[in-house]
Amino acid sequence: MSSDAVPNDRPMFDLGALAEEVLPDDEGLFARDVDGQLIRVEKATARELDESLSLTINGETLTVRKAVPTRDSQGNVINDPDGAPVPRLTTIFDAASRAFVKRPGDPNPIPTLCHKEHLPPIGVCRVCLVEATEETPRGRRSRLVPSCVQRVSEGMIVHTIDSPDRQAAARVRAATSIVVELLMADHLPADGEVAPGNELSAVAHRLGIDQSRFWASNAHRGCDDSSKMISVDHEQCILCGRCQRGCNWVKHNEVIGRSGKGYQTRIAFDLDDPMGHSSCVSCGECAVSCPTGALEFKPTFIETQIARLRDELRKDGQDGDIVTADELIGYPLFSGIPYKFLQFNGAAVVRRRLEAGDVLCREGDYGSTAFVIMDGEFEVFLSGTRGAVRNRPAGGFFGWLGGLKTVAEKVGGKAKLADVGAAALGENERIIRNQDDVILGEMTCMNRYPRSATVVATRPGEVLEIKRNVLYMLQRNSVSRQILDRVYRERSLRGQLSGLPIFRSLSDEDKLKAASFLRDKADLVSVDPGQTIFRQGDLADHYYVIRLGFVKISQEDGLAQRVLNYLGPGNGFGEIGLLSTLGDRWSEEFEDLRAGTRTATCAALDHVELIRIDGDDFRELLERFPELRDPLIREAKEILRRDAADRHRLQSLKSDDFLDQGLYLAQSLLVLDLERCTRCDECTKACADTHQGVTRLVREGLRFDKYLVASSCRSCLDPYCLVGCPVDAIHRNGDSLEIEIEDYCIGCGLCSDNCPYGNINMHGFPKQEVDAKGKLRTVYQEIDGRKLPVVQQRATTCDLCKSIDGKPSCVYACPHDAAFRMTGEELLRRTQTQ
Amino acid sequence: MIVSRGQLKLHLGFAIPVAVLTAVCMTLYFRQSLAAGTWVGGGSWSGLLCGVIAGAIILSEMLLWPRKALRRFRLIPTKYWMAAHLWMGLASLPLAIVHCGFHLGGWLPATLLILLVLTVLSGVYGLAVQNVLPRWMLRHLPRETIYNQIQFVSDQAVRDARQLLTRACGRNVASIETAVADPELLPAGAVVVGAVRQAGKTRGKTLQTRHVAEGRFDRETLWSAFDQIEPYLREGDRVESPVRQSYGADRWFRRLREACHEESQPVIDVLQDLCDQRREFDLQRRVHRLLHTWLPVHIGLSVAVTILLGIHVWTALKFW
């Protein structure tokens, strides 16, 4: 670029002009984006997601896609606004992982420090160097490249430190060793004592390096002990940026950056504030991400967490031994989980021993744990019916006076949830699980719905009960994630097929036959909130059954769009378009329709899982089981008749706001009848009195007719607040609806941010730590000569007064009979019948 | 406590037993009086029975106080307490009157009876306003908020209005230094504004990000108008303002509309809406007082009745 091209009044670094003026070759493989950050010049295209290439790694030839879908830290595919996956180029590290890491615990031939597969690669540490040989316009060329950011190319030959080509392996090993030794010289403690889980030390050990050949720098960057949870030792920081990406990219807290330059460069919190005085929310992600001892959990914090968890186990009357981090790291399945995470969640894994006949988990119960099978055999019982907890009139005198009680119900009448005797499978169809199946009970953790089966030990066995947050950590590792995805899909379909709504007219025997016909044909599809499943006028190609979540059905009428209905789990849709293509007789029935097209638009309201049946399979099913046809036609005609009648009304379902506000998910809304409510605030006062002076409801919110939906936990069917808690302090257990937040909440505020309705609040509570005797004691500090407790933030939400007796105080204390707990659907019914 | 058809079960559960008890006691009293040929006094067995029951009712009514203090304990749902309080309280008056033998007697029983009548009347007044005002508020105060949050919501409305004006016509020249100090305004070149929105039966505030526009000819007019209404938005009817009364506000805003650019009309709509909201808050404040100020009077009278009842019992037993 000539200097003449830049006018004098232009800034030295004209970002606007950069995009046009920088050519791909100016900075090798990289260029700068508008923020001046180094980025790859080449961008993956959607086409490359389907294109393959071959390369050789350590003598093993493999075929990989040129690009893979970009995923977030939990392995969810990131889609663009049109719903198509955003592609990213396949790197050498991706290819090596695919080729050599088949099972959890398998070693990757490429060591890494700054890269983890759940984080975007930045290629700063250069420990993942490999020798890559590829064809270039100037002939065959070998280079040492960082594998975490280097894309694969056709015919590429890659050698790692473990390559069978000894000379190549030695070259790579020498280069990597230099990098590691330089890092060791400055960042490993001089006394050689490293904490367990130090990855720099582990890499050095793997490369056979005992001691660095270099002198340590004289520059000192100091320590920061201001946080009550994490100690920062800048001396050990290798500036790999994992903490920064964990904080900013995984948790979106945007607290960690960098300050200083040269040897004085270090991580910084906010504007280089001490960690304890910054806006850090203490979620622990930075320490969990740190590969060295730069960010460590303080021992008092770990001990306090373990003490609290032990108390919790004791209080719940649960048996089992806590499995320590040191022991867990030895199991292959957990080897991908950072040691510090296991330490951070000191009692997140419990070993349980079961005798034959012991029940591991019960259908209908809410759960927040999964079970890794270590030994034994387990039988799975499915009743195929989902339970629910409802408020129903109480019996006796108070029932006569309008009192309510909470009961467990399932479709078809009252039932005891989790009834083992409700198994609906024949002897020849017993579902047996053992060690080969790896895990059990994971579905409730992944979809936050109640457990879908009862599991009973058939002989003595042993399981590791793991909390939801450990499962989330497993999902960050692609091999573990594949195992979890596979079992989830298989089990989701298995439990649902014989209970499909279209099979209602079949006998039990035919239902099983029909389910067996669909077993390999049905597919499980996940749909993001707001995503359109199909549009009105599209070609009808599938039939769908909702497994989880809610779907909105709407129809366009001119410019206006009318909501016709919303469907919940267990409902099917999409059959009308398919039925209208089934020959003459069917065409007669649907003569007003354009054959084979959709009559309405269907979109997901929340996270939806659908069982998808291909149109051809659906038609074949109707051929094999003709008794399905008439009921289907009747139902479809009824839907069309209703739609036609609704067209004459402005809005058929007076529930746009109901859907917009997510009330369809609510299982226990606090609703105030404003005609009765005298605004005396007894509900709020009673709530505060019950919960140590902190109210968990605000008598303000949306109004529906004469009802006010107060701001209080709604006990959503799919509670978003449960997602991502770093210590699994928020969960739902047993057969009741309440969301529990345990005392070991670390106050990071993630659940509060996740709740779309603002019903989780952060409050200050006296901080407690374990003393020398292992007892929890309040921590005090002296301010202006006064001894005051140290305040720690903790999340609070309505627990439906489960901690008292399960009768919500707000309803109990209302003197005017104006406060109610009801489901969203009941509220809709009430407002529509006013 | 609402007495309506929807709560018939709740009320009948207490009203019928109380009515039966009262009727039985009074029947006994009238029979004895008929037999005696005169209204028998509190010393007669039927008069005493009525007095004892009325006294017991008064004491049990006072149990609402400790119940309130022990809210966190499960001492039967409060609605049952209130229904019982209502019907038993009403029954205590006729029982007390027949206990007196339809005479006021000395100063102590006379004071006691008058206080009891006042207590019951204050309770009946409370019952009446509780049955009327919540419905009235529901219909006429759609923007009502939590009573002790009125000031907070009003301050928020002022902030919203200020941001709206910034969006519509640029920053206030008079207070430009303050605006520069606001980090949210300048770097982003946009403001977040809140407005009341009604969709179907739902009403609430929505937030929108809008870009700041500078330099329209009506900037000074709008800011000057805002300076005039700001004290009212903050303090309500405690300050004099041209928008304090609804009809005056209509006239004032009409003149403002005439003086401003057409593009500023939506902003003026929002300003007028915020003034309407403030007027509703003032009304809510007054209605809230009507709805709740009877209670301290009722409680004061109840305490006085209970104390005098104790003295009455003591003197009656002493001079039996």
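This report walks through a predicted model of two protein chains, from overall make-up down to single residues.

Residues are numbered from 1 along each chain as its sequence is written, and chains are lettered from A, with ligands numbered from 1, in the order in which they are written. Since the model is predicted, local features need pLDDT of at least 70 and side-chain atom pairs count only at pLDDT 80 or more, while totals for chains, interfaces and linings use all residues.

**Chain A as a whole**

Let's start with the overall make-up. Chain A has 23 helices and 44 strands; helices (H or I, at least four residues) and strands (E, at least two) are DSSP runs, numbered from the N terminus. Of the 834 residues in chain A, 43% are buried. Here a residue is buried if 20 or more other C-beta atoms lie within 10 Å of its own, exposed if 12 or fewer, and partly exposed in between, with C-beta atoms placed from the backbone. Among the contacts in chain A with a separation of 6 or more, 70% join residues 24 or more positions apart. Two residues are in contact if their C-beta atoms, placed from the backbone, lie within 7 Å.

Domain bounds come from an automatic or database domain assignment, and for chain A they give domain 1 (1-41), domain 2 (42-190), domain 3 (223-297), domain 4 (305-383 + 419-498), domain 5 (505-651) and domain 6 (659-833). The C-alpha centres of domain 2 and domain 3 of chain A are 27 Å apart, and 12 residues of domain 2 touch 12 residues of domain 3. On the domain 2 side, 9 of these residues are nonpolar, 2 polar and 1 charged. In this count Ala, Val, Leu, Ile, Met, Phe, Trp, Tyr, Cys and Pro are nonpolar, Asp, Glu, Lys and Arg are charged, and the others, Gly among them, are polar.

**A closer look at residues 223-297 of chain A**

An open sheet of 3 strands runs in the order S10-S11-S14 of chain A, with antiparallel pairing. Its edge strands, S10 (223-224) and S14 (295-297), each pair on one side only. Strands count as paired if DSSP finds at least two bridges between them. S11 (residues 230-233) and S14 of chain A share 3 bridges, and A:Ser231 has A:Glu296 as its bridge partner.

Helix H5 (residues 242-250) of chain A is largely enclosed by the rest of the structure, because 7 of its 9 residues are buried. Those buried residues include A:Arg242, A:Arg245 and A:Val250, and they pack against S12 (256-259), S13, H6 and S14 of chain A. Just after H5 of chain A, A:His252 takes a positive phi of about 60 degrees. A:Asp272 sits in the loop between S13 (266-269) and H6 (285-289) of chain A. This residue counts as partly exposed because it has 13 C-beta neighbours inside 10 Å.

**Nonpolar cores**

A nonpolar core is a set of buried Ala, Val, Leu, Ile, Met, Phe, Trp, Tyr and Cys residues joined through C-beta atoms within 7 Å. The largest one has 188 residues, and A:Val551 and A:Cys810 have the most contacts inside it. Strand S18 (residues 369-381) of chain A gives the largest share of this core, 7 residues. A second, separate core of 30 residues includes B:Leu10, B:Ile53, B:Leu93 and B:Cys100.

**Where the chains meet**

The contact between the chains takes 31 residues from chain A and 29 residues from chain B. The chain A side has 11 nonpolar, 4 polar and 16 charged residues. One of the elements supplying at least two residues to that side is strand S34 (698-704) of chain A. S34 pairs in the antiparallel sense with S35 (residues 707-711) of chain A over 5 bridges, with A:Arg703 opposite A:Leu708. The two strands form a hairpin with 2 residues between them, and A:Asp705 in the turn has a positive phi of about 55 degrees.

**Annotated segments**

UniProt (unreviewed entry) places "transmembrane region" at residues 12-30, 42-65, 86-104, 110-133 and 294-317 of chain B. UniProt positions are given in the numbering used here, feature names are shortened, and annotations may be inferred rather than shown by experiment. The table describes three stretches of chain.

| Stretch | Helix | Strand | Distance between end C-alpha atoms |
|---|---|---|---|
| Chain B, residues 110-133 | 100% | 0% | 34 Å |
| Chain B, residues 294-317 | 100% | 0% | 34 Å |
| Chain A, residues 440-474 | 37% | 43% | 14 Å |

The chain A stretch, 440-474, is one of those covered by the UniProt annotation "domain: Cyclic nucleotide-binding" (unreviewed entry).
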